[in-house]
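Here are some notes for you to read with the model open beside you. They go point by point, so feel free to skip around.

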Amino acid sequence: MPIYTIPNVITILRIVAIPVLATVFYLPLPHAREICAALFGIAAVTDWLDGYLARRWQQTSPFGAFLDPVADKLMVVIALILLLQSHPSVPMALSVAVIVGRELTVSALREWMAEIGLRASIAVSMLGKFKTTFQMIAVFLLLYQHPIGPIPIWDIGLILLYIAVALTLASMIVYLNAAWLALVGRVEN
């Protein structure tokens, strides 16, 4: 299967959008935050779209399976770092540390489990999907940041971020537990 399928190109475009997001974030444009939120929102939607198209068109590939989560994690991590830099606080720093730490831990765990032939034992869980949904909405709102009439977008984004952090910790525990059980089962067999 060729590498440059439409789903893979969409994933590559998400990676290309990361430096654009970071640049726009710092530009003195009147609507820079709205543009950043739109870029992030498009990236979040295309994260779902490329996977859907790959399955629907039977264009799944090892390259796409590797690149898709990398693109997703890079976009989220860069956006969180930008938000932390622009709004430094202990709660924001802890939130970013938990989310980034979990992503690194689970990615390394998946890689290691794949190496020993147990990758299937730590498949993506529904809890992980809820975590991703809350995280994406939170980061989108935090990037946008401006109130819409009486609706405090930043505050709502923070609440959703804290919920995402709780789900992040819970999903990491689920992954670590699944890995532990798979390893213990393998040792006992």
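1. A quick word on the record before we use it: UniProt positions here follow the numbering used for this model, and its annotations may be inferred rather than shown by experiment. Keep in mind, too, that this is a predicted model.

2. With that said, the unreviewed UniProt entry lists residues 6-28, 35-54, 74-101, 122-144 and 156-183 under "transmembrane region". I looked at two of these spans. Residues 35-54 are 100% helix and 0% strand in the model, with 28 Å between the end C-alpha atoms. Residues 156-183 also come out as 100% helix and 0% strand, and there the end C-alpha atoms are 40 Å apart.

3. On the domain split: domain 1 covers 1-86 and domain 2 covers 89-188. Their contact draws on 19 residues from domain 1 and 20 residues from domain 2. Taken over C-alpha atoms, the centres of the two domains are 17 Å apart.

4. How much area do domain 1 and domain 2 bury between them? The figure is about 1,700 Å², and 79% of that is on carbon and sulfur atoms. If you wonder why area is quoted at all, the accessible area lost when parts come together is often used to give the size of an interface.

5. What about charges and polar groups across the boundary? The count between domain 1 and domain 2 is 1 salt bridge. Glu103 and Lys73 pair up through their side chains in a salt bridge, at 3.2 Å from N to O. Polar contact between the two domains comes to 2 residue pairs, both residues at pLDDT 80 or more.

6. Which helices build the side of domain 1 that touches domain 2? Helix H1 (6-26), helix H2 (32-56) and helix H3 (62-86) each put in at least two residues. H2 gives the largest share, with 9 residues. By type, that side of domain 1 has 13 nonpolar residues, 1 polar and 5 charged.

7. Last one, on salt bridges in general. The whole structure has 6 of them. One to look at joins Arg14 and Asp47, whose closest N and O atoms are 3.3 Å apart. Arg14 sits in helix H1 and Asp47 in helix H2, so this pair ties together parts 33 residues apart in sequence.

Note on methods: Residues numbered from 1 in each chain as written. Predicted model: local features only at pLDDT ≥ 70, side-chain atom pairs only at ≥ 80, totals over all residues. Heavy atoms only, no water. Domains from an automatic or database assignment. Contact = heavy atoms within 4.5 Å. Buried area = accessible area lost by both parts, 1.4 Å probe. Salt bridge = Lys/Arg side-chain N within 4 Å of Asp/Glu carboxyl O. Polar contact = N/O pair within 3.5 Å; in protein donor to acceptor, adjacent residues only side chain to side chain. Helix = DSSP H or I, 4+ residues; strand = E, 2+ residues; numbered from the N terminus. Nonpolar A, V, L, I, M, F, W, Y, C, P; charged D, E, K, R; others polar.
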